[in-house]
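Trainee: Could we take a close look at one part, the surroundings of the ligand, and then work outwards to whatever packs around that part?

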Amino acid sequence: MTRAWRLPAALVLLSLVPVVAGSLRLVEVAGGTQSLSTNPRVDASPAPVVVHILAAALYAFLGAFQFSARLRRRRPGWHRVCGRVLVGTGLGVAGSALWMTLYYPGAPGGDLLWGIRLVVGSAMAAAIVLGFAAIRRRDIAAHRAWMIRAYALAVGAGTQVLTQGIGEPLFGTSDLSTALSVGSGWVVNAIVAEWAIRRSSPAGPRRRAPATRRADPAASS
Ligand code: HEM
């Protein structure tokens, strides 16, 4: 695999577990075999979770390829068309997540996770709207930053496989430990996103003036 595809491939891999779990849930909702533990909220009201899973799978997988600089350079039309699809699917993920948070009763994680989900779902939707508004006024740096933030929050579902995988055996499955292990998946992704945004921004380390020029006394003042 060439270097250009490494990041999209890693992002697809990150979302693989929740997307596969979601596909198994869709099979079950469609009347097929049940391979996951029962979720009474999905049994009582499957429509929002169906929208959530379909939108999330498209957003996570298609979105991963928006990070390929080569694809953006060689096929700007693809980036634009995909981007429009991703605005729709991203708002579908955030909207269905907020809907389920508000109307699915008694989800694990208690009030703390309920509050975290409201914040994350709203922040993801806001980041998509701000990213779209930024590209309409041709502000590429702001577009990039907001779209990275939105994607990072969405694929928190992938990082949560790791944070819950570590958190649950260590701290159990009380509401507090569930909220903390799920919430820390989003915190990790938000930190990585801010690092990625700063790393290649005009003021970031990559594009700073070389050390020799900065050491030049004529350049100071
Ligand atoms: C790539 C992104 C995402 C994927 C692949 C994904 C996947 C899933 C899946 C498969 C379920 C169904 C769980 C089950 O069947 O028991 C689910 C439920 C849910 N997701 Fe997501 N999700 C994503 C992003 C998000 C985001 C960003 C939020 C938060 C704001 C969120 C909030 C929820 C909520 C509230 C539920 C219902 C939980 C319950 O009551 O059991 N999801 N998600």
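Which element gives the largest share of the shell around the ligand, and how many residues does that element contribute?

Mentor: The largest share comes from helix α1, which supplies six residues of the shell; helices here are DSSP runs of H or I with at least four residues, strands are runs of E with at least two, and numbering starts at the N terminus. Before going further, please keep in mind that this is a predicted model, in which local features need pLDDT of at least 70 and side-chain atom pairs count only at pLDDT 80 or more, whereas totals for chains, interfaces and linings use all residues. Residues are numbered from 1 along each chain as its sequence is written.

The shell holds 29 residues, and the closest to the ligand are Gly22, Ala56, Ala97, Ala107 and Gly121 (a residue is near when its C-beta atom, placed from the backbone, lies within 6 Å). Two or more residues each are given by α1 (6–29), α2 (40–44), α3 (47–64), α5 (76–103), α6, α7 and α8 (156–171). By class, the shell divides into 19 nonpolar, seven polar and three charged residues, where Ala, Val, Leu, Ile, Met, Phe, Trp, Tyr, Cys and Pro are nonpolar, Asp, Glu, Lys and Arg are charged, and the others, including Gly, are polar.

Among the helices that line the ligand, α5 and α6 pack at an angle of about 160° with their axes 9 Å apart, so α5 is roughly antiparallel to α6 (the term covers angles over 145 degrees). Axes are lines fitted to C-alpha atoms over the stretch in contact, and angles run from 0 to 180 degrees between N-to-C directions. On the α5 side the contact, which requires C-beta atoms within 7 Å, includes Ala97, and on the α6 side it includes Gly121; these two residues are also among the closest to the ligand. That contact of α5 with α6 has 11 nonpolar, five polar and one charged residues.

Moving along the chain, the axes of α6 (residues 110–136) and α7 (residues 140–154) come within 8 Å and cross at roughly 155°, which makes α6 roughly antiparallel to α7 as well. Among the residues that make this contact are Ala123, Ala127 and Gly131 of α6 and Trp146, Ala150 and Leu153 of α7, and by class it has 14 nonpolar, two polar and one charged residues.

The loop between α6 and α7 contains Arg138, whose phi is near 65°, a positive value in a residue other than glycine. Most residues other than glycine have a negative phi. Arg138 counts as exposed because it has 8 C-beta neighbours inside 10 Å; exposed means 12 or fewer, buried 20 or more, and partly exposed in between. Trp78, found in α5, is partly exposed because it has 14 such neighbours inside 10 Å. Trp78 and Gly32 lie 46 residues apart in sequence and 35 Å apart in space, C-alpha to C-alpha.

Stepping back to the whole protein chain, the secondary structure comes to 10 helices and zero strands, and buried residues make up 27% of the 221 residues. The C-alpha atoms fill a box of roughly 70 × 40 × 35 Å, taken along the principal axes. Of the contacts between residues at least 6 apart in sequence, 68% join residues at least 24 apart.

How values were computed
Parallel < 35°, antiparallel > 145°, perpendicular 65-115°, else oblique. Contact = placed C-beta atoms within 7 Å.
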